[in-house]
Amino acid sequence: MVPSANLLDGKVAVITGAGGGIGRAAATLFAENGATIIAVDIVDGPNQDTVDAIVDAGGRAVMVNVDVADPAGMEQMMDFAEREFGRIDVVFNNAGVMLDGDTDAVETDDATIDKTFDINIKGVLYGCRYGIPALRRAGGGSIINTASFVASLGAATPQIAYTASKGAVLSLTRELAVIHARENIRVNALSPGPLRTEMLMSFLNTEEKKQRRLVHVPMGRFGEATEMAQAALFLASAMSSYVTGTNLQVDGGLTAAYVTPE
Ligand code: NAD
């Protein structure tokens, strides 16, 4: 448990994918640090659980159910957040999917590619398109886009649409950081390593698959969603006031390793 430092006192944060691993952990930690949370997800039950836990602990959070790939829904969600709470300071574009049937370039069908790109790339772009005007009106802010270590490394386990989508997240993050730097809007990517969340554990569903992935992680363990939330808190808060356009790799050393220690 990280001691509460109120790093986000008075701030309003939109977090997508708040019903799941990283999004829920970030919503909880940001709320503990004083932020009002707009918890966004496509599923309502788990997202409601996130909001209930925050409110029960004395924090402020509301739930909005929207598909990040739906531009009209994303616009309405941002409008609601700004109208209801007067401002938006942080947009954490974190929702993402890794679909069954996403394999290599030969086998992956168009439906899988389109859905992956719609959620993982266009969902992030919509968060920026509809979030940036509100951040401008607030006098600046922080956008965090969740990419992945696979944006920087080729993985032998093929998931070509997912990997391509995360590469796009890194590229659009860098460009937006440059475009908006003088508006006091910082834009950074967070690249998690393999995590012990539902998304990856359902994919690495045998001990053998888990161990095969861990061979590549110098720290020899999966990361925790809370460890991603801590990095996101840094990027969301004034602690990172001179950081923009970066890719913060929180991966147990995975992307640094050529040979992993015994
Ligand atoms: P998760 O599956 O636990 O949570 C993802 C959440 O996003 C879920 O609550 C889901 O309902 C929501 N979501 C999915 N599609 C959506 C849509 N169209 N609109 C709104 N919400 C939607 O996964 P997680 O591990 O917390 O992943 C969060 C982010 O981290 C993703 O972008 C993922 O690609 C990235 N990531 C995860 C890992 C990992 O090992 N888990 C590694 C690298 C990157």
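## A walk from a polar pair to the ligand pocket

The side chains of Glu82 and Arg137 are joined by a polar contact of 2.8 Å, and this pair is a convenient place to enter the structure, which is a predicted model. Glu82 belongs to helix α3, which covers residues 71-85. Its relative accessibility is 16%, and Glu82 therefore counts as buried, since the cut-off for that class is under 20% relative accessible area. A charged residue, as Glu is classed here, thus has its side chain in polar contact with the side chain of Arg137 while being counted as buried.

Arg136 can be taken next. Arg136 is part of helix α4, a helix that spans residues 110-137. With a relative accessible area of 44%, Arg136 is partly exposed, because that class lies between the 20% limit for buried residues and the 50% limit for exposed ones. Although 48 residues separate Arg136 from Ile88 in sequence, the C-alpha atoms of the two are 9.1 Å apart in space.

From here the path turns to the loop between β4 (90-93) and α4, where Leu99 is placed. Leu99 has a relative accessibility of 21% and so counts as partly exposed, the boundary with the buried class being 20%. Two distances relate Leu99 to other parts of the chain. Ile160 is 61 residues away from Leu99 in sequence, yet their C-alpha atoms are 10 Å apart; Phe203 is 104 residues away from Leu99, with a C-alpha separation of 9.3 Å. Phe203 itself lies in helix α6 and, at 27% relative accessibility, counts as partly exposed.

Helix α6 (198-203) also leads to the ligand, because α1 (21-32), α5 (160-180) and α6 each supply at least two residues of the shell around it. The ligand sits in the largest pocket, where 28 residues surround it, the closest being Ile22, Asp41, Asp67, Tyr162 and Thr197. Sorted by class, this shell is made up of 15 nonpolar, 10 polar and three charged residues.

Which atoms of the protein lie 2.8 Å or 2.9 Å from an oxygen atom of the ligand? For Ile22, a backbone N or O atom is found 2.8 Å from a ligand oxygen. For Lys166, an N or O atom of the side chain is 2.9 Å from an oxygen atom of the ligand, and for Leu195 a polar backbone atom is 2.9 Å from an oxygen atom of the ligand. Taken alone, the ligand would expose 830 Å², of which the protein buries 92%.

Two further residues belong to the helices that contribute to the shell, or to a loop that adjoins one of them. Ala31 is found in helix α1, and its relative accessible area of 13% is the reason why Ala31 is classed as buried. Along the chain, Ala31 and Val55 are 24 residues apart, and their C-alpha atoms are separated by 9.1 Å. Asn184, for its part, lies in the loop between α5 and β6 (185-192), and this residue has a positive phi of about 65° although it is not a glycine.

Technical notes
Residues numbered from 1 in each chain as written. Predicted model: local features only at pLDDT ≥ 70, side-chain atom pairs only at ≥ 80, totals over all residues. Heavy atoms only, no water. Near = heavy atom within 4 Å. Polar contact = N/O pair within 3.5 Å; in protein donor to acceptor, adjacent residues only side chain to side chain. Areas by Shrake-Rupley, 256 points an atom, 1.4 Å probe, with all protein chains shown as cover. 1 Å grid on protein atoms, 1.4 Å probe; cavity = no way out; pocket = protein on both sides within 12 Å on 5 of 7 lines; lining within 4 Å. Sits in = over half its atoms within 2 Å of the grid points. Helix = DSSP H or I, 4+ residues; strand = E, 2+ residues; numbered from the N terminus. Buried < 20%, exposed > 50% of the residue type's maximum accessible area, 1.4 Å probe, protein only.
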